[in-house]
Amino acid sequence: MSKAATIDIASVSKVYGTTTAVHAISLKIPAGSYCCLLGPSGCGKSTTLRMIAGHESITSGDIRLGNTVVTDLPPARRGTAMMFQSYALFPHLDVIDNVAFSLKMKGMGKDERHSRAMDVLKLVHMVDFASRRPAQLSGGQQQRVALARALITDPEALLLDEPLSALDPFLKIRVRAELKKLQKQLGITFVHVTHSQEEAMALADVIVVMNDGRIEQAAHPRTVFEKPATAFVARFMGDHNVISGRIADHDGDRARLEVPDGSVFVAAGGSRHIGEPADIAIRNDRVRVSTEAGDGLGFTGIVSNVEYRGSSVKLTVSGAGVEDFIAILSDTEFFARPVNVGEAVPLAWNEGDAILLGRLDS
């Protein structure tokens, strides 16, 4: 296989008429890494992937693959290969000819291209299906064929647009494990678009969280999970509660946030101007039911929902100007002191578990 390439996106924008789909983003994806572009529908992640591939023109900025500026190069000359969401296999060709099709277009002889195709089919465990047509394959098998067809071009970077979205839940888990293993085996750069937080966490070395055409955070999955950069990241990843208000005062690296109902919460973070809007985040699984809440590290609220999850219980509470505040309790902890919908419950957390979030410049 080719050596992996670093992908360097420098101030890249995409404008459609009066709509800006991607706002001057800059990102460096390390060579040989598995990068997931993560975000809700319409956030610009697929547009970004297509600009890397050359299937979408760039309005401004540049994209570099390794040492080559590929901004104006056609897809076939970029050193990338793209696997589309709809596998787009040729129904009239068998598997081996689907995989070898790009080599046929380059004029390679039948024996040589079939030999190359079989090598790639071995990688994705599809050799036994080489003579079948796409209609004779399951969704997971078709996906493997599409993957082999992308890999046969010997790319420096493989671009995947929501490759698991058409698969059933059990197959998704199996195929994502195979994708991770394959990426490590090949050592090339993978860039994978998804709207699934779980998928990105399971696969990525680098998660790039996008929102409204901007990058909110680009970091290792553990950093994104434990230290979300913004309120959007904290909410989108689904593992933090976000409390919004204004800075009442600050003492060194400790800020006090006042919410509209007058409650005050404390968080660790850099100094901010008094009166400035701010958000703090508290991880769901660090919240506990306790009577020890004090000094801005908890509140008493009304239970609006209790959801049993087997090893854990999800408690939803409203209070202190905060709606849908989540506590994830262990089943042992919850059933030692069970609570019901409508009951008042005191919640608390440790000082180190509340962090002051950043805000993007518009």
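## A tour from the E16–E17 hairpin outward

Begin by selecting Glu 307 and Lys 314, the latter in strand E17, which are bridge partners; the model you are viewing is a predicted one. Widen the selection to residues 312-319, which make up E17, and you will find that this strand is joined to E16 by six bridges, with the two running antiparallel. Another position to pick out along E17 is Ser 318, which has Ile 302 standing opposite. Now move to the turn of the hairpin that E16 and E17 form, where three residues lie between the strands and where Gly 310 has a positive phi of about 90°.

On E17 itself, colour the residues by accessibility: six of the eight are buried, so the strand is largely enclosed by the rest of the structure. Follow E17 into E18, with which E17 pairs in the antiparallel sense over seven bridges. These two strands also form a hairpin, this one with two residues between them, and Ala 320 in its turn has a positive phi of about 55°.

Zoom out to see the sheet these strands belong to, an open one of five strands in the order E15-E19-E16-E17-E18, with antiparallel pairing. At the edges stand strand E15 (288-289) and E18, each of which has a single partner strand, so that one side of each is left without a neighbour in the sheet.

Next, select Phe 325, which lies in E18 and is the bridge partner of Val 317. How many aromatic pairs does a search of the whole structure find? The search finds ten. In one of them the rings of Phe 299 and Phe 325 have centres 5.0 Å apart and planes at 90°, so this pair is edge-to-face. Phe 299 belongs to strand E16 (residues 298-308) and Phe 325 to strand E18 (residues 322-330), so that the pair links parts of the chain 26 residues apart. Phe 299 counts as buried at 7% relative accessibility, and Phe 325 counts as buried at 0%.

Add Trp 349 to the selection: with Phe 325 this residue forms a stacked aromatic pair, 5.6 Å centre to centre and with 25° between the planes. Because Trp 349 sits in the loop between strand E19 (344-348) and strand E20 (354-356), whereas Phe 325 is in strand E18, the pair ties together parts that are 24 residues apart in sequence. Trp 349 is buried, as is Phe 325. Show Phe 265 as well, and you have the cluster that ring pairs build from Phe 265, Phe 299, Phe 325 and Trp 349.

Leave the sheet for helix H2 (residues 95-105), and display its buried residues, which are Val 95, Ile 96, Asn 98, Val 99, Ala 100 and Leu 103. These buried residues pack against helix H3 (110-123) and helix H4 (139-151). Following H2 is Gly 107, with a positive phi near 90°.

Now select the cysteines, bearing in mind that the structure holds zero disulfides. The sulfur of Cys 36 has its closest cysteine sulfur in Cys 35, 6.8 Å away, which is too far for a bond; Cys 36 is buried, with a relative accessible area of 0%. Cys 43 is likewise in no disulfide, its nearest cysteine sulfur being that of Cys 35 at 12 Å, and Cys 43 counts as buried at 2% relative accessibility.

Finish at Lys 14, which lies over the face of Tyr 16 at 5.0 Å from the ring centre.

Conventions. Residues numbered from 1 in each chain as written. Predicted model: local features only at pLDDT ≥ 70, side-chain atom pairs only at ≥ 80, totals over all residues. Heavy atoms only, no water. Phe/Tyr/Trp six-rings, centres within 6.5 Å; stacked < 30°, edge-to-face > 60°. Helix = DSSP H or I, 4+ residues; strand = E, 2+ residues; numbered from the N terminus. Buried < 20%, exposed > 50% of the residue type's maximum accessible area, 1.4 Å probe, protein only. Lys NZ or Arg CZ within 6 Å of the ring centre and 35° of its normal. Contact = heavy atoms within 4.5 Å. Disulfide = S-S within 2.5 Å. Pairing = 2+ DSSP bridges.
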